[in-house]
Number of protein chains: 2
Amino acid sequence: MAKQDRAVRTRQQLIRSAAEAFDQGGFALSSLTGIARGAGVSSGALHFHFRSKQALGAAVETAAVGLLQDILAPRPGDRPAPLGNLVDTSHVLARRLTEDVVLRAGFGLAADVTWRQDVALWQVWGGWVRSTLTQARSEGALAPDVPLEDVISTVTAAVAGTQALARLDVEWSPRYAVAQFWNLMLPRISAAMVPLDRACQTAPHE
Amino acid sequence: MAKQDRAVRTRQQLIRSAAEAFDQGGFALSSLTGIARGAGVSSGALHFHFRSKQALGAAVETAAVGLLQDILAPRPGDRPAPLGNLVDTSHVLARRLTEDVVLRAGFGLAADVTWRQDVALWQVWGGWVRSTLTQARSEGALAPDVPLEDVISTVTAAVAGTQALARLDVEWSPRYAVAQFWNLMLPRISAAMVPLDRACQTAPHE
């Protein structure tokens, strides 16, 4: 392996080890010694790549923003219906947060009062939810009586909540919770589904 | 003031000062010296009441559970309709979380990876949401096509999410977000409101 490849690989291992440490024990109590050991490198090698824990935190957050942007990026040539895209993407995000410690640590850092340098991840997610729902409204896909700002706020908070509870409760499945949320919410906000699907054909009382 | 009253008051001041420290900087980085200073007492007085920061964390959490139980307790002689009670109570909780640093610090500790001793607060909230919605179902107040477990999960997560985002984003108003959530969700889950209120009288497309 060329020297430069090795350097890139060591850097990635350090970011991953830092993400594991932050995810498990928070930013404040994670030690550079432990992070170097987790990456299988010396403390000297760590300091060659990152001059401080702060720099490692920023690198984890930047890596997580990149992973999130990949999840949100439109596929070339693909123009999905906005509500379907929102549902699918929130499922992908919930799954990736379960699987990918760097993505999870990035969101964890954003909520960590001992870090709190940046909330770029939530801004990226919130901004994408806003633009996707604005597109849904302009295409007539949102039910007419549904205020755009209410849906934006509720969808943004729902995904934050399913993640927050996943950190607190080992029984809680964010992937299942996202499905439950959409099961309730989609008929309410969608112009196409509500009238045919339920209220007019269902007795109002059990 | 009698000696015992003074002791009770000092203890409460210490709990409040600890809550302020945990809320601002997290459990791990809060110092006993700073907490004693914030309460206007000596370090010796702090150690007379609490032998460790762990003991102070537990006291803040216990105080927050008491505050939450007061919010959730039924008023004597009052038998509110369960869905209305759920909406009203979630508004009260959002307001109290803004105003009361002990309640807020309790929920903050539950999400703090450097503490994480207990998740009693979320269990109390989640259990109350479950029993209130179970009552709504048994009284026929929930729309028949709405799965009970989906509503329990979504309401529990929505309130967690509005709080989580409040910690991340100074622009975010949890009180307003709770209103937006119910504006969307109530017509969807309520047996009484949906059919009259919207789908049958509204054109399906804009």
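Helices are DSSP runs of H or I with at least four residues, and they are numbered from the N terminus. On that basis, the elements of chain A in this predicted model read α-α-α-α-α-α-α-α-α-α from the N terminus on.

**Figure 1. Overall view of chain A in the predicted model.** Chain A holds ten helices and zero strands. Of its 206 residues, 44% count as buried. Among the contacts in chain A with a separation of 6 or more, 66% join residues 24 or more positions apart. The model as a whole scores ipTM 0.79 and pTM 0.83.

**Figure 2. Confidence along chain A, with the C-terminal stretch 194-206.** Chain A has a mean pLDDT of 85, and 88% of its residues reach 70 or more. Of the elements of chain A, helix 2 (residues 32-39) has the highest mean pLDDT, 97, and helix 10 (residues 194-197) the lowest, 41. The pLDDT is below 50 over residues 194-206 of chain A, and this stretch nevertheless has 28 contacts in the model beyond near neighbours in sequence.

**Figure 3. Helix 6 of chain A and its covered residues.** Helix 6 of chain A spans residues 101-110 and is mostly covered, with ten of its ten residues buried. The buried set includes the nonpolar residues A:Val101, A:Val102, A:Leu103, A:Phe107 and A:Leu109. A:Arg104, a charged residue, is also among the buried residues of this helix, as are A:Gly106 and A:Gly108.

**Figure 4. The buried side of helix 2 of chain B.** In helix 2 of chain B (residues 32-39), the residues B:Ile35, B:Ala36 and B:Ala39 are buried. These residues lie on the same side of helix 2 of chain B because they cover an arc of only 100° around its axis. An α-helix has 3.6 residues a turn, so residues three or four places apart point the same way. The cover over the buried residues of helix 2 of chain B includes helix 1 (3-29), helix 3 (43-49) and helix 4 (53-72) of chain B. Just after helix 2 of chain B, B:Gly40 adopts a positive phi of about 70°.

**Figure 5. The crossing of helix 4 and helix 6 in chain B.** Two packed helices are described by the angle between their axes and the distance between the axes. For helix 4 and helix 6 (residues 101-110) of chain B, the axes come within 8 Å and cross at roughly 115°. The crossing of these helices is left-handed. On the side of helix 4 of chain B, the contact is made by B:Gly57, B:Val60, B:Glu61, B:Ala63, B:Ala64, B:Val65, B:Leu67 and B:Leu68. Helix 6 of chain B contributes B:Val102, B:Leu103, B:Ala105, B:Gly106, B:Phe107 and B:Leu109. The residues of this contact divide into eleven nonpolar, two polar and one charged.

**Figure 6. The surroundings of A:Leu56.** A:Leu56 belongs to helix 4 of chain A, residues 53-72. A:Leu56 counts as buried because it has 24 C-beta neighbours inside 10 Å, where 20 or more are required. Leaving aside residues up to four places away in sequence, A:Leu56 touches A:Leu14, A:Ala18, A:Ile35 and A:Phe50. A:Leu83 lies 27 residues from A:Leu56 along the chain, and the C-alpha atoms of the two are separated by 36 Å.

**Figure 7. A:Thr162 and its contacts in both chains.** A:Thr162 is found in helix 8 of chain A, residues 148-168. With 29 other C-beta atoms within 10 Å, A:Thr162 is buried. Residues up to four places away in sequence not being counted, A:Thr162 touches A:Ala94, A:Pro174, A:Ala177 and A:Val178 in chain A, together with B:Ala157 in chain B. A:Ala94 is 68 residues from A:Thr162 in sequence, yet the two are 8.5 Å apart in space, C-alpha to C-alpha.

**Figure 8. A:Asn183 in helix 9 of chain A.** Helix 9 of chain A covers residues 174-189 and contains A:Asn183. This residue is partly exposed, with 16 other C-beta atoms within 10 Å. Beyond residues up to four places away in sequence, A:Asn183 touches B:Pro147 and B:Asp150. Between A:Asn183 and A:Trp128, 55 residues apart in sequence, the C-alpha to C-alpha distance is 21 Å.

**Figure 9. B:Gly127 in helix 7 of chain B.** B:Gly127 is found in helix 7 of chain B, residues 120-138. B:Gly127 counts as exposed because it has 12 C-beta neighbours inside 10 Å, and 12 or fewer is the condition. The C-alpha atoms of B:Gly127 and B:Ala7 are separated by 34 Å, with their positions 120 residues apart along the chain.

Definitions and conventions
Residues numbered from 1 in each chain as written. Chains lettered and ligands numbered in written order. Predicted model: local features only at pLDDT ≥ 70, side-chain atom pairs only at ≥ 80, totals over all residues. Helix = DSSP H or I, 4+ residues; strand = E, 2+ residues; numbered from the N terminus. Arc of directions from axis to C-beta. Contact = placed C-beta atoms within 7 Å. pLDDT = per-residue confidence, 0-100. Axes fitted to C-alpha atoms, helices over the stretch in contact; angles between N-to-C directions. Left-handed = near helix turned anticlockwise from the far one by under 90°.
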